[in-house]
Amino acid sequence: MTAYERFKNGCYSFAPRFLNGAIAGTVAVTCTYPLDLVKTRMQEQRSHAQRMYRNIVDCFIKVARNEGFRGLYKGYAVNIVLINPEKAVKLAVNDELRHVFKGNNKTIPVTAEMAAGAGAGFCQVIITCPMEFLKIHMQMAGKSQAPADVVGGKSVGALSEAKRPSALQFALGELRNKGIRGIYRGLGATWMRDIPFSLIYFPAFAHFNRMGADETGKAPWQHSILAGCLAGAIATVSVNPCDVIKTRLQALDKDTGKSRYNGILDCIRTTLKQEGITAFFKGCTPRIIVIAPLFGIANTVYLLGVAERLLGREYVPPV
């Protein structure tokens with residue numbers, strides 16, 4: 001039976017795959033979001049400017065102390081609303097393409113696995129780009145709230161919490177002033193990061209997971225989580241420079257409300273000139289800590305087939 005016939009007959013449906021991704025994404029993002037916020041602020045920080053945070057721990061402590069527990073979850077609402085379709089698209093498209101490329105063969109070639117991952121990365125950016133643009137805006141919103149002693153004794157004139165626009169207000173303002181391009185700022189850089197990430201991650205996870213599979217082809221959930229963490233860490237390190245570029249392109253200057261760079265190449269040149277090559281690996285450690293368990297959880301839940309049980313659908317294991 002071909003992949004199309006499975007889909008047509010209801011044995012292979014997108015609905016449970018989407019639900020699996022939504023469940024996994026919600027749980028994983030809730031657990032790892034504070035680290036993602038710290039990662040964003042560390043990456044956006046510039047060496048030539050007066051540094052607000054010395055390291056990851058210092059950043060975490062200062063955000064918690066100056067902005068409270070809620071400060072660690074700035075932008076969470078936007079992220080959690082959009083992470084569901086984002087993870088659903090990523091996992092479901094990769095799974096579908098793997099079935100298509102495998103066809104009637106017993107195995108799927110590595111090149112086809114990479115193509116399936118790249119296709120998933122390409123499709124997810126439709127949701128990822130505006131989601132992360134709004135998330136970064138909200139995460140950076142509290143940065144200027146630090147007290148004077150943190151930034152060298154000078155007031156930075158932050159807006160009060162009451163006057164700061166919400167994510168929805170900010171998004172509508174960008175759409176009104178700049179059109180659809182406003183919320184898709186950094187689209188090229190997001191593609192530049194997410195396509196290689198998925199191209200590396202999905203084949204790596206599949207191979208690591210197979211190492212712990214039994215005679216039925218299933219691996220214990222503990223092994224799947226470790227496989228996802230390892231594959232996620234490898235892919236994260238590989239594309240971290242692209243993530244730094246994307247973050248900086250999407251972070252707006254608090255005074256002008258505009259991007260500090262005129263595109264990807266200008267961002268690369270300016271960063272290299274002012275901070276050196278090491279700047280492209282800023283936030284790498286917290287990003288690994290965020291991405292590795294996030295994808296470990298996501299893929300494990302996906303393989304468990306929770307949504308199929310809830311919806312009463314036949315479970316068709318990924319290839």
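**Exercise 1. A residue in helix 11**

Which residues does N299 touch, not counting residues up to four places away in sequence? Then decide whether N299 is buried or exposed.

*Solution.* Note at the outset that this is a predicted model.
- Step 1. Locate the residue: N299 lies in helix 11.
- Step 2. List its contacts beyond four places in sequence. They are L91, Y201, F202 and F205.
- Step 3. Check the accessibility. N299 has a relative accessible area of 5%. Buried means under 20%, so N299 is buried.
- Step 4. Look at a distant part of the chain. S224 is 75 residues from N299 in sequence, yet the two C-alpha atoms are 7.4 Å apart.

**Exercise 2. The overall fold**

Count the helices and strands of the protein, and give their order.

*Solution.*
- Step 1. Count the elements: there are 12 helices and 0 strands.
- Step 2. Read them from the N terminus on. The run is α-α-α-α-α-α-α-α-α-α-α-α.
- Step 3. Turn to burial. The protein has 319 residues, and 50% of them count as buried.
- Step 4. Ask how far apart contacting residues sit in sequence. Take the contacts with a separation of 6 or more; 77% of these join residues 24 or more positions apart.
- Step 5. Consider the outside. The protein exposes about 15,000 Å². Carbon and sulfur atoms supply 64% of that area.

**Exercise 3. The nonpolar cores**

Describe the largest nonpolar core and find the helix that gives the largest share of it.

*Solution.*
- Step 1. Size the core: it holds 26 residues. Those with the most contacts inside it are V29, F197, Y201, A231 and F295.
- Step 2. Find the contributing elements. Two or more residues come from each of helix 2 (14–44), helix 4 (76–102), helix 5 (110–141), helix 8 (187–210), helix 9 (221–250) and helix 11 (284–304).
- Step 3. Pick the main contributor. Helix 8 gives the largest share, 6 residues.
- Step 4. Zoom in on V29. Leaving out residues up to four places away in sequence, V29 touches Y76, N79, I80, I83 and L294.
- Step 5. Look for another core. A second, separate one has 8 residues, including L37, Y53, C59 and L72.

**Exercise 4. Nonpolar residues at the surface**

Identify the residues that make the nonpolar surface patch of about 380 Å². Then classify L168 and F69 by accessibility.

*Solution.*
- Step 1. Name the members of the patch: L168, L172, L175 and I180.
- Step 2. Find the helix that gives the most. Helix 6 (residues 167–178) supplies 3 residues.
- Step 3. Take one member, L168, which sits in helix 6. Its relative accessible area is 59%. Exposed means over 50%, so L168 is exposed.
- Step 4. Move to F69, in helix 3 (residues 56–71). F69 is exposed because its relative accessible area is 63%.
- Step 5. Place F69 against P34. They are 35 residues apart in sequence and 9.3 Å apart in space, C-alpha to C-alpha.

**Exercise 5. Cysteines**

State how many disulfides the structure has, and classify C123 and C229.

*Solution.*
- Step 1. Search the whole structure: 0 disulfides are found.
- Step 2. Take C123. Its relative accessibility is 30%, so C123 counts as partly exposed.
- Step 3. Take C229. At 21%, C229 also counts as partly exposed. The cut-off for buried is under 20%, which is why C229 falls outside that class.

How values were computed. Residues numbered from 1 in each chain as written. Predicted model: local features only at pLDDT ≥ 70, side-chain atom pairs only at ≥ 80, totals over all residues. Heavy atoms only, no water. Core = buried A, V, L, I, M, F, W, Y, C linked by side-chain atoms within 4.5 Å. Buried < 20%, exposed > 50% of the residue type's maximum accessible area, 1.4 Å probe, protein only. Helix = DSSP H or I, 4+ residues; strand = E, 2+ residues; numbered from the N terminus. Contact = heavy atoms within 4.5 Å. Patch = residues over 30% accessible without salt bridge, like charges linked within 9 Å, V, L, I, M, F, W, Y side chains within 5 Å. Areas by Shrake-Rupley, 256 points an atom, 1.4 Å probe, with all protein chains shown as cover. Salt bridge = Lys/Arg side-chain N within 4 Å of Asp/Glu carboxyl O. Disulfide = S-S within 2.5 Å.
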